[in-house]
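Good morning. I will go through one structure today, starting with the sheet and then moving to what packs around it. Please have the structure open.

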Amino acid sequence: MALLGDVVGSRGHPDPARRRRLVADALSRANDRLAPTQPLTPTIGDEFQGLFADLVSALEATLVVRLALLGEVDVRFGIGSGPVVTFEASRAPFDQDGPAWWSAREAVDHVRDVSQRQESPRGVRTRWVDAGGERPFVVAAVNAFVQCRDELVAALDPRDAAAMLGLLADEPLTRIAEAEGVSASALSQRAIRGGLYAIRRAQAELRETVA
């Protein structure tokens with residue numbers, strides 16, 4: 001699975017150097033957690049890309065990166081499935097081509113276009129395009145899932161995002177609450193209201209399909 005990421009509104013960020021550091025840290029976090037076959041790496045301009053062994057890992061990477069950047073940097077993602085052509089392995093991720101990357105680009109462009117339409121979900125930042133086009137129902141179901149997931153994430157604040165990252169990493173609720181400076185019961189109530197448990201469970205159910 002090819003994953004292409006794009007920073008939204010990068011030219012308007014007040015501190016470009018800080019923005020780049022934050023993105024690099026978020027990519028490192030996703031790489032450490034999900035071990036992609038080709039690590040998420042900044043490329044040209046405000047884009048980054050990587051390769052994953054399966055769709056579930058790619059989807060979780062988009063969630064981790066977005067949560068890690070929430071409140072600081074906005075990003076959109078395109079996931080493409082299909083062949084990847086590598087012309088020169090030592091130049092990866094630059095010297096690559098193929099249907100997976102074309103599909104990932106199509107997906108990113110779709111997310112950008114949808115976000116600019118009236119009466120469209122404003123929080124959606126992720127889409128999957130399958131180059132083969134042989135499983136339209138599965139693709140539609142996954143994209144329906146990420147639309148709902150992304151809308152929930154868009155409603156979170158940075159503290160919720162930090163808690164969500166802890167839950168995804170299976171950290172004990174008491175440890176997450178201690179880091180947040182709140183009680184475990186208060187954090188649990190906030191997680192229920194914000195849909196954090198729903199996001200975690202949905203991601204876990206996807207993960208079980210490739211376990």
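This is a predicted model. Start with the open sheet, which has 5 strands in the order E2-E3-E1-E4-E7, with mixed pairing. Which strands stand at the edges? They are E2, residues 38-42, and E7, residues 126-130. Each has a single partner strand, so one side of each is left without a neighbour in the sheet. From one strand to the next, the twist averages 15 degrees.

Now look at one pair inside that order. Strand E1, residues 2-8, and strand E3, residues 47-51, run antiparallel and are joined by 5 bridges. If you want a place to look, find Asp6, which stands opposite Glu47 in E3.

Next, the helices on the sheet. Helix H2, residues 55-69, lies across E1, E2, E3, E4 and E7. Its direction is at about 175 degrees to strand E4, residues 74-81. Helix H3, residues 99-115, also lies across E1, E2, E3, E4 and E7, but runs at about 140 degrees to E4.

Let me stay with H2. Is its length what we should expect, or not what we should expect? At 1.5 Å a residue, its 15 residues should span 21 Å, and the end C-alpha atoms of H2 are 22 Å apart, which agrees. At the N-terminal end, Asp54 caps H2, with a side-chain oxygen 3.1 Å from the backbone nitrogen of Val56. After H2 comes Gly71, whose phi is positive, near 90 degrees. H2 is mostly covered, with 14 of its 15 residues buried.

That brings us to the nonpolar cores. The largest one has 43 residues, and those with the most contacts inside it include Leu3, Leu40, Phe48 and Leu69. H2 supplies the largest share of this core, 9 residues. A second, separate core has 7 residues, among them Ala2, Leu51, Ala100 and Ala104. Back to Leu69: leaving aside neighbours within four places in sequence, Leu69 is in contact with Leu22, Val23, Ala26 and Val75.

One last residue, and this one is polar contact territory. Asn31 lies in helix H1, residues 16-34. Is Asn31 buried or exposed? Asn31 has a relative accessible area of 15%, and the cut-off for buried is under 20%, so Asn31 counts as buried. The side chain of Asn31 reaches the backbone nitrogen of Leu40 at 2.9 Å. Beyond its neighbours within four places in sequence, Asn31 is in contact with Pro36, Pro39 and Leu40. Leu40 has come up already, as one of the residues with the most contacts inside the largest core.

That is all I have. Thank you.

Methods:
Residues numbered from 1 in each chain as written. Predicted model: local features only at pLDDT ≥ 70, side-chain atom pairs only at ≥ 80, totals over all residues. Heavy atoms only, no water. Helix = DSSP H or I, 4+ residues; strand = E, 2+ residues; numbered from the N terminus. Buried < 20%, exposed > 50% of the residue type's maximum accessible area, 1.4 Å probe, protein only. Polar contact = N/O pair within 3.5 Å; in protein donor to acceptor, adjacent residues only side chain to side chain. Contact = heavy atoms within 4.5 Å. Pairing = 2+ DSSP bridges. Axes fitted to C-alpha atoms, helices over the stretch in contact; angles between N-to-C directions. Core = buried A, V, L, I, M, F, W, Y, C linked by side-chain atoms within 4.5 Å. Expected span 1.5 Å × (residues − 1).
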